[in-house]
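Here is a short report on a two-chain model. It goes from the sheets to the helices, then to the contact between the chains.

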Number of protein chains: 2
Amino acid sequence: MRLAEDEALARFKANDHGVFCTIHAERGVDAVPVVYVVDADGYLGVPVDLVKPKTSLRLQRERNLEADPRATLLIERWERDDWSQLWWVRAELRWQGDDVADREESLAEELARHYPQYRERPFAKVLVLRIVAISGWAATPG
Amino acid sequence: MRLAEDEALARFKANDHGVFCTIHAERGVDAVPVVYVVDADGYLGVPVDLVKPKTSLRLQRERNLEADPRATLLIERWERDDWSQLWWVRAELRWQGDDVADREESLAEELARHYPQYRERPFAKVLVLRIVAISGWAATPG
């Protein structure tokens, strides 16, 4: 059943991993797993890190956001055998551009605190996005 | 590192759950968790089922696909503590419309065989999509 907005937001803030979606003009949706943190003002930090190997640090998701700043992040609980445990939350996001150095810095700090893998802050950059809407669903209340 | 296309497709076919993304003209990407099956011809069946409670059976994802048949499905392995185990596969899809009754029927059968929850075929419908491209990534080879 549909989650109340505050409940959806609480689950979103308590989580730290999901599927990040941006729009590619030709092929449609680009979706990729990411980790994230949310700060007290409702800004989201999505790291472009140097830990998981990449062919390029100039990622398609950034090119997509420059052309269209709308993004979506979906988190979910999946249980193959017991569907009464399922829930998901979807955040509608707007990329804040590159001119948000202070916010990027504080979100990088939060990521380094949150994930042991990020202790040394191995970031090429941290994408900064604002939550503009949030919704969710759960198979069972509470 | 980037997965070879046949390896990406093999992982995609061996899986059955992921995040399904369609495009909403105003708010951008709509993403939602789904289960799925793939048949031998590379067609994907995504059920609209009567098991997980919904407010309406006429889902937003269908309205989106009628306006824009491009869809994306992402599957992934997530391991919080050991990022050497991470991998993901992304399939670029095209919705085949409503005029594919035979294919919908055979995919419904396959879903009923695959998921015990679907044994009685509790489907409002099965969305039929074709895989048009596939790509993937793994932290470590093999």
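How many bridges pair strand 4 of chain B with strand 7 of chain B? Seven, and the two strands pair in the antiparallel sense. Within this pairing, Leu44(B) stands opposite Leu129(B) of strand 7. The model is a predicted one.

**The sheet of chain B**

Chain B has an open sheet of seven strands. Their order is 2-1-5-6-7-4-3, and the pairing is antiparallel. Strand 2 and strand 3 (37-38) of chain B are the edge strands, each pairing on one side only. Strands of a sheet pair through backbone hydrogen bonds.

Three pairings of chain B are set out below.

| Strand pair (chain B) | Bridges | Residues opposite each other |
|---|---|---|
| Strand 3 and strand 4 | two bridges | Val38(B) and Leu44(B) |
| Strand 4 and strand 7 | seven bridges | Leu44(B) and Leu129(B) |
| Strand 6 and strand 7 | nine bridges | Val89(B) and Gly136(B) |

Leu44(B) appears in two rows. It is the bridge partner of Val38(B), and Leu44(B) also stands opposite Leu129(B) in strand 7.

**The sheet of chain A**

In chain A, seven strands also form an open sheet in the order 2-1-5-6-7-4-3, with antiparallel pairing. Strand 2 (28-35) and strand 3 (37-38) of chain A stand at the edges. Each has a single partner strand, so one side of each is left without a neighbour in the sheet. Further in, strand 1 (17-24) and strand 5 (70-77) of chain A pair in the antiparallel sense over three bridges. Here Phe20(A) has Leu73(A) of strand 5 as its bridge partner.

**Helices on the sheets**

Helix 2 (60-67) of chain A lies across strand 1, strand 2, strand 5 and strand 6 (87-95) of chain A. Its direction is at about 55° to strand 1 of chain A. Helix 3 (101-114) of chain A packs on the sheet and touches strand 3, strand 4 (43-49) and strand 7 (123-138) of chain A. It makes about 80° with strand 7 of chain A.

Chain B has its own helix 2 (60-67), which lies across strand 1, strand 2, strand 5 and strand 6 of chain B and runs at about 55° to strand 1 of chain B. Helix 3 (101-114) of chain B touches strand 3, strand 4 and strand 7 of chain B, at about 80° to strand 7 of chain B.

**Where the chains meet**

Which elements of chain B give two or more residues to the side that touches chain A? They are strand 1 (17-24), strand 2 (28-35), strand 5 (70-77) and strand 6 (87-95) of chain B. Strand 2 of chain B gives the most, with five residues. In total, 28 residues of chain B are in contact with 28 residues of chain A. The chain B side divides into 16 nonpolar, five polar and seven charged residues.

A rotation of 180° with 0.0 Å of shift along its axis superposes chain B on chain A, with an RMSD of 0.0 Å. That is the relation of a two-fold axis. The same surface serves both copies, as 100% of the contact residues of chain B recur in chain A.

**The core**

The largest nonpolar core has 70 residues. Val19(A), Cys21(A), Leu73(A), Val19(B), Cys21(B) and Leu73(B) touch the most other members. Leu73(A) is also the bridge partner of Phe20(A). Not counting residues up to four places away in sequence, Cys21(A) touches residues of both chains, among them Val29(A), Ala31(A), Ala71(A), Cys21(B), Val29(B) and Ala31(B).

Technical notes. Residues are numbered from 1 along each chain as its sequence is written. Chains are lettered from A and ligands numbered from 1 in the order in which they are written. This is a predicted model: local features need pLDDT of at least 70, side-chain atom pairs count only at pLDDT 80 or more; totals for chains, interfaces and linings use all residues. Two residues are in contact if their C-beta atoms, placed from the backbone, lie within 7 Å. Helices (H or I, at least four residues) and strands (E, at least two) are DSSP runs, numbered from the N terminus. Ala, Val, Leu, Ile, Met, Phe, Trp, Tyr, Cys and Pro count as nonpolar, Asp, Glu, Lys and Arg as charged, and the others, Gly among them, as polar. Copies are superposed by least squares on the C-alpha atoms of residues with pLDDT of at least 70 in both. Two strands pair if DSSP finds at least two bridges between them. Axes are lines fitted to C-alpha atoms, for helices over the stretch in contact, and angles run from 0 to 180 degrees between N-to-C directions. A nonpolar core is a set of buried Ala, Val, Leu, Ile, Met, Phe, Trp, Tyr and Cys residues joined through C-beta atoms within 7 Å. A residue is buried if 20 or more other C-beta atoms lie within 10 Å of its own, exposed if 12 or fewer, and partly exposed in between; C-beta atoms are placed from the backbone.
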